[in-house]
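Reader: Hey, got a minute to walk me through this one? I'd like to start with the strands and then jump around a bit.

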Amino acid sequence: MKLDNKVCIVTGAASGIGREIAHVYARAGGRVAIADLRLEDAQKTVDEIVAAGGVAMAVAMDVTSEDQVNAGVAQVVAAWGGVDVLVSNAGIQIVNPIEKFAFSDWKKMLAIHLDGAFLTTRACVPHMQASGRGGAIIYMGSVHSKEASVLKSAYVTAKHGLLGLCRTVAKEGGKHGIRANVICPGFVRTPLVEKQIPEQAKELGISEDDVVRKVMLKETVDGEFTTVADVAAVALLFAAFESNALTGQSLLVSHGWHMD
Ligand code: NAD
């Protein structure tokens, strides 16, 4: 699976899953824009990639800001001439029972996960059309794109919504060779999950160890966390796959937590 010189934008790539995808894309020969709210950490990912012989640039981007998304994509196009792959990955988690869920938190969650996916897609699609080469758009969904868990109303709603966006982009993109997919990981031990463990323990009245064993990994076939490497391997498959055969599909990467 090669990405020779392809221009890839990965949002939320200063940390966790996005960071690993950026590394894997760079090793596959892609030029990778690390788009993140946290510019200093984005630059660290760039420095690691460059030190390993890859090509990368940091882009300051709040994915909820129309202006910042448009400016960030324009910056990449000005530097590298187009966009071939978009990974809409930036995300956060806020857990609370619905009766305690602040409306501001609900709106924040939907803005980052759904507005971010929409805005980045809308900014990249014209460049994929103009190049005549099409492209790959990959949304970071979750097992929570397919099922629900307590305390996660906004997250589950947003992650389900990405499936609809993906399928629409797949249909609209077909004639241009623009493919769209959703990756649906199980729990991956990133900062996003580390933060949730004590929060869930408090809310559910159980120990942190029980949150990991009895909540997060209970339904997996092997009691294992999904890894950033597991997810990045699938992100490379979707980015490098040459035909439209897989477009519109979502793929669960969850150690068997959820199967469909
Ligand atoms: P992470 O906290 O390690 O990284 C998230 C990154 O997104 C950070 O670098 C952060 O700065 C960036 N970010 C947050 N808000 C942003 C914004 N408004 N604009 C731009 N960047 C922003 O988290 P992660 O676990 O790597 O999560 C990445 C994606 O994977 C998220 O969409 C998350 O929902 C999804 N996911 C994670 C898991 C998991 O278990 N970790 C499972 C399924 C899906």
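**Strand β1 and its surroundings**

Author: Sure. This is a predicted model. Five of the five residues of strand β1 (residues 7–11) are buried, so β1 is largely enclosed by the rest of the structure.

Reader: OK, which way do the side chains of β1 point?

Author: Val7, Ile9 and Thr11 point one way, while Cys8 and Val10 point the other way, and all are buried. In a regular strand, side chains alternate between the two faces of the sheet.

Reader: What does β1 pair with over five bridges?

Author: Strand β2 (residues 31–36), in the parallel sense. Within β2, Ala35 is the bridge partner of Thr11. Helix α1 (residues 16–27) joins in too: β1, α1 and β2 make a β-α-β unit, and that unit is right-handed.

Reader: And how many bridges join β1 to β4?

Author: Three, and β1 and strand β4 (residues 85–88) run parallel. Ile9 of β1 stands opposite Leu86 in β4.

Reader: Switching to cysteines. How many disulfides does a search of the whole structure find?

Author: Zero. Cys8 is in no disulfide, and the nearest cysteine sulfur, that of Cys124, is 11 Å away. Likewise, Cys124 is in no disulfide, with the sulfur of Cys8 as its nearest cysteine sulfur.

Reader: Is Cys8 buried or exposed, by the way?

Author: Cys8 counts as buried because its relative accessibility is 0%. Cys124 is buried as well, with a relative accessible area of 0%.

Reader: Now backbone angles. Which residue before β1 has a positive phi?

Author: Asn5, in the segment before β1. Its phi is about 65 degrees, although Asn5 is not a glycine. Most residues other than glycine have a negative phi.

Reader: What about His255, where is that found?

Author: His255 sits in the segment after β7 (250–253). Its phi is positive too, about 50 degrees, and His255 is not a glycine either. With a relative accessible area of 24%, His255 is partly exposed.

Reader: Last one, the surface. Which residues make the nonpolar patch?

Author: Val150, Leu204, Ile206 and Val215 make a nonpolar surface patch of about 290 Å². Ile206 lies in the loop between α6 (191–204) and α7 (208–216).

Reader: Why does Ile206 count as partly exposed?

Author: Because its relative accessibility is 31%, and partly exposed covers the range between the buried cut-off of under 20% and the exposed one of over 50%.

Terms used. Residues numbered from 1 in each chain as written. Predicted model: local features only at pLDDT ≥ 70, side-chain atom pairs only at ≥ 80, totals over all residues. Heavy atoms only, no water. Buried < 20%, exposed > 50% of the residue type's maximum accessible area, 1.4 Å probe, protein only. Helix = DSSP H or I, 4+ residues; strand = E, 2+ residues; numbered from the N terminus. Pairing = 2+ DSSP bridges. Right-handed = clockwise from strand over helix to strand, strands pointing away. Patch = residues over 30% accessible without salt bridge, like charges linked within 9 Å, V, L, I, M, F, W, Y side chains within 5 Å. Areas by Shrake-Rupley, 256 points an atom, 1.4 Å probe, with all protein chains shown as cover. Salt bridge = Lys/Arg side-chain N within 4 Å of Asp/Glu carboxyl O. Disulfide = S-S within 2.5 Å.
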